[in-house]
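Trainee: Could you walk me through how to read the contact between two chains, and the empty spaces inside a model?
Mentor: Sure, let's bring it up and go step by step.

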2 protein chains.
Amino acid sequence: MADKNLPTEPYKGVRDFYPDDMAVQRYMFDVWSQTAESFGYARYDASVLEPAELYKAKGAENEELVNEQTYTFTDRGDRQVTLRPEMTPTVARMIAAKRKELAFPVRWYSIPNLFRYERAQRGRLREHWQLNCDIFGTDERAADVEIIALAYQTFLNFGADPSMFEIRINDAAGMQTTFSDANFFDLSAEQSRRLRKLTDQRRKLKVEDFEVGAADIFGADTHKTNLFIKSLDCPDPASYLAWISQNAQNPVENPLEYTGYINASEILDGLRTLGITNVVFDPSIVRGFDYYTGVVFEFFDTDPANRRALLGGGRYDNLTELFGGEPIPGIGFGWGDVTLRDFLETHNLLTADITAPTIMVAPTDPSLNIAGQKIAQEIRASGLSVAVDISNRKIGKKITAASDAFVEYVLVLGEDEIASGTYSVKNLTTGEQLSGTLEELCEQLV
Amino acid sequence: MADKNLPTEPYKGVRDFYPDDMAVQRYMFDVWSQTAESFGYARYDASVLEPAELYKAKGAENEELVNEQTYTFTDRGDRQVTLRPEMTPTVARMIAAKRKELAFPVRWYSIPNLFRYERAQRGRLREHWQLNCDIFGTDERAADVEIIALAYQTFLNFGADPSMFEIRINDAAGMQTTFSDANFFDLSAEQSRRLRKLTDQRRKLKVEDFEVGAADIFGADTHKTNLFIKSLDCPDPASYLAWISQNAQNPVENPLEYTGYINASEILDGLRTLGITNVVFDPSIVRGFDYYTGVVFEFFDTDPANRRALLGGGRYDNLTELFGGEPIPGIGFGWGDVTLRDFLETHNLLTADITAPTIMVAPTDPSLNIAGQKIAQEIRASGLSVAVDISNRKIGKKITAASDAFVEYVLVLGEDEIASGTYSVKNLTTGEQLSGTLEELCEQLV
């Protein structure tokens, strides 16, 4: 016996899933997995425990991130262990391990839980679930189109209308080139890094703060500052490149090919061919990670009340290099359960799922409980879900309780029913009553 | 770029789930959840992270266990955190938190992953998944019968025959009484504790070692030693009690009621009423945990090659006491994924699940990839799973690859098909070919 009572709260920043919330999670996970499988993606998984070196390998900056923002601890074998903060390093590890056996291109998905050591504050969770979809082993543009079309179709399968969300795409390599190249913005590596960081924060900043930040990076060159700010409204890669190279001394000949923005251009065309029209070019899409090497994209809620990106992803063509061997190209996205649920709630797309059994067998006396279970067993064999109310409540209370729990039918079981072999089930919504042998009732209810 | 290559192995003692293994996991989890839901159980979940105090609260012995056998670490807020080693404390916490709102009896299930800090050795895993089913808020015997019947039905739903497994039941309270009471074995508290421990290990010991251990506990009383050893073969609680009390000076009047073994007796009767006949009374079933207060049970594989318990559980009527308030009775069981998979493999009950899409669209040239995706999109709308082979392979290789991946149909897409709007799909097993518009094909394939 404890001296004082233990608290009943979960650990800070994580969630308990009572049946109602669990039903929502399962609904979301089911639509995710059914859609991914309809595109031929196979599900995989791994443990939440990973060697810490998997995240530290990319250098000192990463090591700091791992130490500060992840759950990392030392086990008794003196191994450093991390609770995975993202799935991509894990899947890269798994792909690299079986590179010789896998038949590329590989289409995989997973719905892992991920951990981040966030400072505990309202709405900031330390654990969340995330759909991860990836194609490995091809750098065809069609793969980029497909992965974006898969995310798009998943939205439709949740009942979303294309007007409720918008796809914004950019290209990490193109951005790198246009920021640094002499024919475009001609920035130093340091300026370019700062400008990417500023651009990444654009949606969180006030317009004037963003512009002041840009002016600070471009220095005295107010013309370029303005070019940059206006460039963010260019509707497609070609006009973006034309716009920002208008003052170049020797404009490059095929700017789309030269910068790599041909990819984004072809992807936009491909998506439109598939009837996906809520997609725009957006040169301010950066994505936080360093590992993107091609197209990057984010999906946004069009509801102004919900301005965060709903999901994001991109192409990374060197992800397995840490494990040695030839690089394996990949493209994928991650989509969190919390942002999805926000989106579904904002647009009234979430209908409550019922977790109750279809039929409740209610014995009139506890002495009939086992007889009730025998009957439940027989009904269950026809595929229906059945529970038995084995409590000591009076029969009226049992019926009320079943109704409160959204049970559809109740079967009151007394000595008479057992003796006669004739039973009645009552529909708790309509009040309609059906009578007959168990066989007859099952036939009508299934 | 890393100096040396990272290893591709997972962390020691945990598993990667590649699609083939993941398909097995999902099959097992699906049968688990479908069966639990057919009995009216609602699914819940929680985070793997729990406050360490949840496991330490039961005293010093527990604290040692927590420190030595669990993953416990201190977070940066100086909180001690444990990766849950079992689900029962978590569900007790959740039930206690909502005790005022929940409509008891509550039927819940979950499939959590659990962590144990095992010394790394062959076959010893540090993470496994476990089906947990519980009923809270009733101490009716019918609940005990139901939870055992649920586990039994789950075996049948995996395709098992009752001859493949055996249910063994005992009663923790009855065992306590018969070991200590003057009318039965009349052991001291310390002797009783040692005898429970020895009995718990019975299946792992050689017969002679078990008997030497028992003799050591009973001391000079060889008659009692023999009584005890023979008692383990008694086929039901009544004959067990009659056997071990045969030398009592004043035999108790209603030994089943007196010892509490009436429960086990009624449960055996209840199960047999439900047609469950592979159940036996076994006074040597102990279960490791201290918290059982009534019936305890284990399911065993009848294959002598696989002697470990497949699942186990029991009644605990004081589990929420650590959280204050009136105690809430409960009964439940836990069933691990590893022992289940062993069982299914031993009895040839596992048929490989296919993770491939139904149809592969194979464009004759990469320039037709987007057109292929358009066609895949249209077929998918009819509910079929479709992938597009966007690789650079020749068409013959694409068909071979699809066949190797167990794809059912391939649709070869060239300029002619697009121009005519007439397509052919080939069944890769039978060689049969179907032709027609997409609409016509979908009608035939769905």
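**Where two chains meet**

Mentor: Start with the area: chain B and chain A bury about 8100 Å² between them, and carbon and sulfur atoms give 59% of that. Keep in mind that this is a predicted model.

Trainee: Okay! How many residues does the contact take from chain B and from chain A?
Mentor: It takes 96 residues from chain B and 96 residues from chain A.

Trainee: And how many salt bridges are there between the two chains?
Mentor: There are six salt bridges between chain B and chain A. Polar contacts are counted too: 42 residue pairs across this interface fit the rule, both partners being at pLDDT 80 or more. If you sort chain B's side of the interface by class, you get 48 nonpolar, 22 polar and 26 charged residues.

Trainee: Can you show me some of those salt bridges?
Mentor: Look at R126(B) and D75(A), whose closest N and O atoms are 4.0 Å apart. The cut-off is within 4 Å, so you can see how that pair sits against the rule. Another salt bridge pairs R26(A) with E37(B), with 2.7 Å between the closest N and O atoms.

Trainee: Why does the pair R26(A) and E37(B) join two chains?
Mentor: Check where each partner lies: R26(A) is in helix α1 (residues 19-38) of chain A, while E37(B) is in helix α1 (residues 19-38) of chain B, so the pair links two chains. For the wider picture, the whole structure has 44 salt bridges over all chains.

Trainee: Now the empty spaces. How do I find those?
Mentor: The idea is to roll a probe the size of a water molecule over the atoms, which shows where empty space is left. Here the count is four cavities of 30 Å³ or more.

Trainee: What is the volume of the largest cavity?
Mentor: About 100 Å³. Its lining includes F39(A), Y152(A) and L274(A) from chain A, along with Q373(B) and R380(B) from chain B. Two elements give two or more residues to that lining: α5 (141-157) of chain A and α14 (369-380) of chain B. By class, the lining has seven nonpolar, three polar and two charged residues.

Trainee: And what about the second largest cavity?
Mentor: That one has a volume of about 90 Å³. Among its lining residues are Q373(A), R380(A), F39(B) and Y152(B). This time α14 (369-380) of chain A and α5 (141-157) of chain B each supply at least two lining residues. The classes come out as six nonpolar, three polar and two charged.

Terms used
Residues numbered from 1 in each chain as written. Chains lettered and ligands numbered in written order. Predicted model: local features only at pLDDT ≥ 70, side-chain atom pairs only at ≥ 80, totals over all residues. Heavy atoms only, no water. 1 Å grid on protein atoms, 1.4 Å probe; cavity = no way out; pocket = protein on both sides within 12 Å on 5 of 7 lines; lining within 4 Å. Points joined across faces, edges and corners; volume = space filled by probe spheres on them. Helix = DSSP H or I, 4+ residues; strand = E, 2+ residues; numbered from the N terminus. Nonpolar A, V, L, I, M, F, W, Y, C, P; charged D, E, K, R; others polar. Contact = heavy atoms within 4.5 Å. Buried area = accessible area lost by both parts, 1.4 Å probe. Salt bridge = Lys/Arg side-chain N within 4 Å of Asp/Glu carboxyl O. Polar contact = N/O pair within 3.5 Å; in protein donor to acceptor, adjacent residues only side chain to side chain.
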